[in-house]
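Here are my notes on the structure, set out as numbered points. Please read them with the model open.

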Amino acid sequence: MQADLIIVGAGMVGSTLALALQDSGLSIMLVDGGPLDVHPFKASDPFEPRVSALSAASQRILQRVGAWEGIVSRRASPYLDMHVWDGSGTGQIDFSAAAVHADVLGHIVENRVVQDALLDALKSRGSVVLKGDARLEQLQQNEDGWTLTLSAGQRLSANLVVAADGANSTVRQLAGFETREWDYLHHAIVTSVRCAEPNEQAAWQRFTDEGPLAFLPLQREGDAHWCSIVWSVTEAEAQRLMALDDDAFCQALGRAFEYRLGEIVEADPRLCIPLRQRHAKRYVQPGLALIGDAAHTIHPLAGQGVNLGLLDAAVLAEVLQAAVARGAQLGDPRVLGRFERRRMPHNLTMMAAMEGFERLFQADPLPLRWLRNAGLKGVQALPAAKALFVRQALGLSGDMPDLARI
């Protein structure tokens, strides 16, 4: 089978790219190794453990590709404020949407909810060919682009192949893209917990001696006592925490969070995820492009991973639509180079900032502890500086694709 564009990976980023290009006149296939089924949703369903903090820019992208309505009709939890403090000192910063005249800072949404809304939108339009349970096994370059061999033996060809198949991207590995990567020597424990006090529609983050601990607000049927947590700790501490029963885990979590929302009343099943940062040295080859986690993975410190991926998808869609308009080949390195030049500096800047924060808050020497507390207090006292941080978190700065603009 032949297509103009094959997107490998039907997760949030790959599905967004497919929707962004659905009216481009291109023949598009979206291929994924798993089933592409939409899960039935009930408002009373338990929370999925993996969530994303969607920025205002991501919200606009999802609105314009036709998926946001499907998200909010399921479950999305807005947050208006953010509180960040150093557990080893007295420094604290409080951010507010009102400071930049925004309604919200973002929305906490379960990844499964985003994915199902995107699949709903794709299936309702029917302009993109969806191929589920189709694992990629071989990738070969030909005169007109690339040929993919799937697990069932089917062969697909396209002028351009886009890898949106995650951190362990098969496309990236088969095509020989080189990466820079390092292990944080930390694991993230993620789950949903119910607190004694309501979450106040605020995101909370404490920097502990073990690593950052985030409480992200969730709502279920009007109950605002729930939060999604991301607790970054050393591997040994992660093993200890994962071995605790629920009551002991809730007690340990409450202590680490300084009981900002009272006692932790209950916890859903926990996941433990090794943390590793990875960045491809190049995002493109002739006829190939990497987006989302296939190109870069980032520390979950500020919840920016999916936002960077959605911006990748929006910029690539914009570049490809411009190429179609002027009759250029999608796989032309000059076309794909425009995408790489726009996205790589932004992604590297965000990754460097998160790496700097992570290292600073893990530092033990007293002068560095003093420096970070003084820095937190200094920024807290400067409304203009805080507003810059808020605009960055909203995704309202830098080279914005049209899909993310107001």
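1. E221 sits in the loop that links β14 (212-220) to β15 (223-234). Its phi is near 50°, a positive value in a residue other than glycine. The residue is exposed, at a relative accessible area of 61%. The model is a predicted one, which applies to every point below.

2. Q201 also has a phi near 50°, again positive and again in a residue that is not glycine. Q201 belongs to the loop between β12 (179-195) and β13 (202-207). With a relative accessible area of 28%, Q201 is partly exposed. A positive phi occurs at a glycine too: G66, just after α2, has a value of about 90°.

3. Helix α2 itself covers residues 56-64, and seven of its nine residues are buried, so the helix is largely enclosed by the rest of the structure. Which residues of α2 are the buried ones? They are A56, A57, S58, Q59, R60, I61 and L62. The list includes R60 and Q59 as well as I61 and L62.

4. One open sheet consists of three strands in the order β3-β7-β4, with antiparallel pairing. The edges are β3 (51-54) and β4 (77-79), each of which pairs on one side only. On average, neighbouring strands of this sheet are turned by 25° against each other, direction ignored. β3 is joined to β7 (residues 106-110) by four bridges, and these two strands run antiparallel. Within that pair, A53 stands opposite I108 of β7. Helix α4 (residues 111-125) packs on the sheet and touches β3 and β7. The direction of α4 makes about 85° with that of β7.

5. The largest nonpolar core has 80 residues. Those with the most contacts inside this core are I6, I7, L17, V162, I291 and L316. Helix α8 (residues 305-325) supplies the largest share, 11 residues. What does I291 touch, leaving aside residues up to four places away in sequence? Its contacts are V13, L17, V162, A163, A164, D312, A313, L316 and F339. Apart from this core lies another, of 23 residues, with V193, C227, A238 and A252 among them. In soluble globular proteins, nonpolar side chains tend to be buried together.

6. How many disulfides does the model contain? The count is zero. For C195, the closest cysteine sulfur is that of C227, at 4.4 Å, which is too far for a bond; the cut-off is 2.5 Å. C195 is buried, at 0% relative accessibility. C272, by contrast, is partly exposed, with a relative accessible area of 31%.

7. The whole structure has 19 salt bridges. One of them joins the side chains of E340 and R282, at 2.9 Å from N to O. E340 lies in helix α9 (residues 333-362), while R282 lies in the loop between β17 (271-280) and β18 (284-285), so the pair ties together parts that are 58 residues apart in sequence. The two partners fall in separate accessibility classes: E340 is buried, at 9%, whereas R282 is partly exposed, at 46%.

8. Two further salt bridges can be listed with their surroundings. R260 and E258 meet through their side chains at 3.6 Å, N to O. Both count as partly exposed, R260 at 27% relative accessibility and E258 at 34%. The side chains of R405 and D402 form a salt bridge at 3.4 Å, N to O. R405 is partly exposed, with a relative accessible area of 41%, and D402 is exposed, with 51%. Elsewhere, E181, D183, R276 and R278 are joined into one network by salt bridges that share partners.

Terms used. Residues numbered from 1 in each chain as written. Predicted model: local features only at pLDDT ≥ 70, side-chain atom pairs only at ≥ 80, totals over all residues. Heavy atoms only, no water. Pairing = 2+ DSSP bridges. Axes fitted to C-alpha atoms, helices over the stretch in contact; angles between N-to-C directions. Contact = heavy atoms within 4.5 Å. Buried < 20%, exposed > 50% of the residue type's maximum accessible area, 1.4 Å probe, protein only. Core = buried A, V, L, I, M, F, W, Y, C linked by side-chain atoms within 4.5 Å. Salt bridge = Lys/Arg side-chain N within 4 Å of Asp/Glu carboxyl O.
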